[in-house]
Amino acid sequence: MNDLQQSTDGFRVSKRRQLPSWHFGVMSVGRCAALLIVLVSLQSTAVAQFPFQQPNNLRQPQSPHEAIRQRGFDYYQKGQYREAIKVATQVLNVEPKDPVSFYLRASAKIELGRQSADRLLIREGIQDARQALAIRGGDDKFSNLYIPYLYGMSCLAILERKPSHADTSIKTAGTIIERPNVDKTDKSSLLYQRAFAREQANLVDSMLFDQTAATPEDLRAFRAEQAERRRDAIADYAQAIKYNPKQMGSHINMAKLLAVSGDVAGATAAYTAAVQEFPRNATIFNERGVFLRQQGQLDEAIADFTQAVAIQSDFAMGYINRGFCLIDKGEDEAAETDFNTAVGLNPRMSLALSLRGTARMSLGKSEPAIADFSRQLELNPKDATAFANRGFARFFAKQFNESARDFQQALQLQPTALHLSVWRCLALERAGKTEEAHAELQALLDSGKGPQGWVATVSRFLLGQTTGEEMLAAAKEVQDERISAAQQCEAQFYIGQRDLMAGNTEAANKHFEAAIATNANYLSAYREAKYELGQFGGQ
């Protein structure tokens with residue numbers, strides 16, 4: 001895409017909504033503000049990494065510490081990894097050669113390290129896994145002891161950006177899988193780990209591969225290797241399911257990989273099989289709902305998310321994802337209700353707060369939206385997305401000084417979000433600080449590191465260096481109809497803002513009406529035009 005396809009909302013517009021050029025761990029808001037939302041697929045890689053309780057073949061009923069160890073596995077199942085580590089350590093202090101406690105402590109350390117991106121903690125977990133293997137790793141009845149080691153090496157590959165770690169996991173898993181006396185359930189778990197390692201190897205290679213410096217031959221070879229690993233991973237997941245149809249992680253990850261590979265029919269069949277195997281599992285319905293939404297099947301996706309929350313009433317992600325789809329359909333009031341439920345289930349869930357703020361802006365509730373984004377920032381003071389979103393909400397509420405400060409904070413945290421420089425300029429102008437606004441935006445343009453393409457065109461209009469007619473003509477010249485509509489929406493909005501500040505309300509309102517007529521309802525320009533006209537709610 002060329003630079004003209006970049007909007008002042010940070011979008012690169014296409015026939016389907018795409019992620020903006022900047023987005024963060026907290027999903028960004030949608031058509032109500034500046035950024036785009038995507039559905040939340042659960043971390044399926046966390047499904048079935050380790051058993052939720054001790055595998056039967058790792059139990060030692062004769063051990064006097066069995067009850068204590070089981071308490072540790074219970075902590076692990078609940079995600080209380082620090083407590084699981086304490087219990088395992090307690091057992092190892094009196095039974096220093098207990099492989100199951102090493103297995104438990106390794107598992108908990110690796111999961112905790114993965115969550116906190118702490119590679120040293122993952123390495124500690126890997127060392128514990130090696131201790132377990134040194135004690136009983138040669139016994140096929142204890143082949144599950146390899147799982148934390150394999151998973152730890154795969155996770156370490158990402159944090160250290162070393163595909164060789166994932167390759168080690170792939171090779172080691174293959175050796176154990178080939179042992180004749182390993183039972184099918186254990187082979188299923190090992191196949192899952194090998195498939196997961198293949199996916200991680202692909203991910204690390206993608207991080208390291210520099211497409212800008214690659215020759216066409218390099219690019220073809222890279223893509224071929226990625227495709228081969230995906231095929232091998234899909235085959236591993238499929239075999240894991242044959243050995244153990246209850247291997248839920250394999251069902252989910254295989255369906256996802258088929259979708260990534262472009263095999264929509266195969267992915268659909270895989271999700272259908274998963275639902276049939278797990279008809280009362282909320283996660284499976286959530287995952288299929290995410291897939292259906294990606295295919296544009298909103299009603300079907302909503303049905304799956306509804307089923308997920310019917311199965312598990314405290315399933316916050318189900319409410320969030322259904323709310324996403326309702327926003328897509330313009331049903332903002334229903335979306336707010338779902339986000340209210342999600343926030344009620346987890347008041348510290350930043351994503352739910354962000355999305356509730358989004359829905360509230362769509363309903364003309366700027367002040368409650370500001371409160372949601374402010375709460376986000378209490379949870380994460382360096383969340384650039386939350387600053388940007390609160391900046392838009394404050395602009396809509398005509399708190400222009402505060403809006404400008406929020407945009408500045410977002411830019412400081414994410415300097416490449418240059419589309420926000422236009423909105424900061426406009427907020428400063430609306431606050432009566434035109435000279436400051438123009439000097440800052442001009443300096444940014446003169447630096448050579450400022451906005452490009454369409455954002456630069458809008459910047460020059462705000463600085464009085466081009467006319468509204470010229471800006472609008474540039475938008476109309478774009479051949480892609482949707483991109484053109486988005487830029488025409490923004491052009492009409494900015495012209496209307498200029499008329500409004502000149503005291504010509506009647507002319508301004510005509511431009512705001514023209515902005516709304518483009519139906520580019522995913523843009524903040526569209527949203528603010530409705531605010532200026534006193535019209536609220538999605539269309």
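**Exercise 1. Is Leu203 buried, partly exposed or exposed, and what relative accessibility supports the assignment?**

Preliminaries: this is a predicted model, in which local features need pLDDT of at least 70, side-chain atom pairs count only at pLDDT 80 or more, and totals for chains, interfaces and linings use all residues. Residues are numbered from 1 along each chain as its sequence is written, and side-chain values use heavy atoms, with hydrogens and water left out.

Solution.
- Step 1. Apply the classes: buried means under 20% relative accessible area, exposed over 50%, and partly exposed in between (1.4 Å probe, protein chains only).
- Step 2. Leu203 counts as partly exposed because its relative accessibility is 40%.
- Step 3. Locate the residue: Leu203 belongs to helix 7, residues 184-208. Helices are DSSP runs (H or I, at least four residues), numbered from the N terminus.
- Step 4. Together with Met207 and Leu208, Leu203 forms a nonpolar surface patch of about 250 Å² accessible area. Such a patch takes residues with over 30% relative accessible area and no salt bridge, and joins nonpolar side chains (Val, Leu, Ile, Met, Phe, Trp, Tyr) within 5 Å. The areas come from the Shrake-Rupley method with a 1.4 Å probe, and for residues only the protein chains shown count as cover.

**Exercise 2. Describe the pairing of Arg69 with Glu66.**

Solution.
- Step 1. Side chains of opposite charge can pair when their charged atoms come close.
- Step 2. Arg69 and Glu66 form a salt bridge, with 2.7 Å between the closest N and O atoms. The criterion is a side-chain nitrogen of Lys or Arg within 4 Å of a carboxyl oxygen of Asp or Glu.
- Step 3. Glu66 lies in helix 1 (residues 66-77). Because Arg69 and Glu66 are three residues apart in helix 1, about one helical turn separates them.
- Step 4. Arg69 is buried at a relative accessible area of 1%, and Glu66 is buried at 13%.

**Exercise 3. Which residues are linked with Asp372 in a network of salt bridges, and how is Asp372 paired with Arg360?**

Solution.
- Step 1. The network links Glu336, Arg356, Arg360, Lys365 and Asp372.
- Step 2. Within the pair of Asp372 and Arg360, the closest N and O atoms are 3.0 Å apart. Asp372 lies in helix 16 (residues 366-379) and Arg360 in helix 15, so the salt bridge ties together parts that are twelve residues apart in sequence.
- Step 3. Asp372 is buried, with 3% relative accessibility; Arg360 is also buried, with 14%.
- Step 4. For a further pair, consider Asp139 and Arg136, whose closest N and O atoms are 2.7 Å apart in a salt bridge. Asp139 is partly exposed at 23%, and Arg136 is partly exposed at 28%.
- Step 5. The whole structure holds 34 salt bridges.

**Exercise 4. How many residues does the largest nonpolar core have, and how many disulfides does the structure hold?**

Solution.
- Step 1. A nonpolar core is a set of buried Ala, Val, Leu, Ile, Met, Phe, Trp, Tyr and Cys residues joined through side-chain atoms within 4.5 Å.
- Step 2. The largest core has 88 residues, and Tyr237 and Ile320 have the most contacts inside it. A second, separate core has 53 residues, including Ala404, Leu428, Tyr494 and Ala508.
- Step 3. The structure holds zero disulfides, a disulfide being a pair of cysteine sulfur atoms within 2.5 Å.
- Step 4. Cys325 is buried, with a relative accessible area of 0%; Cys489 is buried, with 0% relative accessibility.

Key. Patch = residues over 30% accessible without salt bridge, like charges linked within 9 Å, V, L, I, M, F, W, Y side chains within 5 Å. Helix = DSSP H or I, 4+ residues; strand = E, 2+ residues; numbered from the N terminus.
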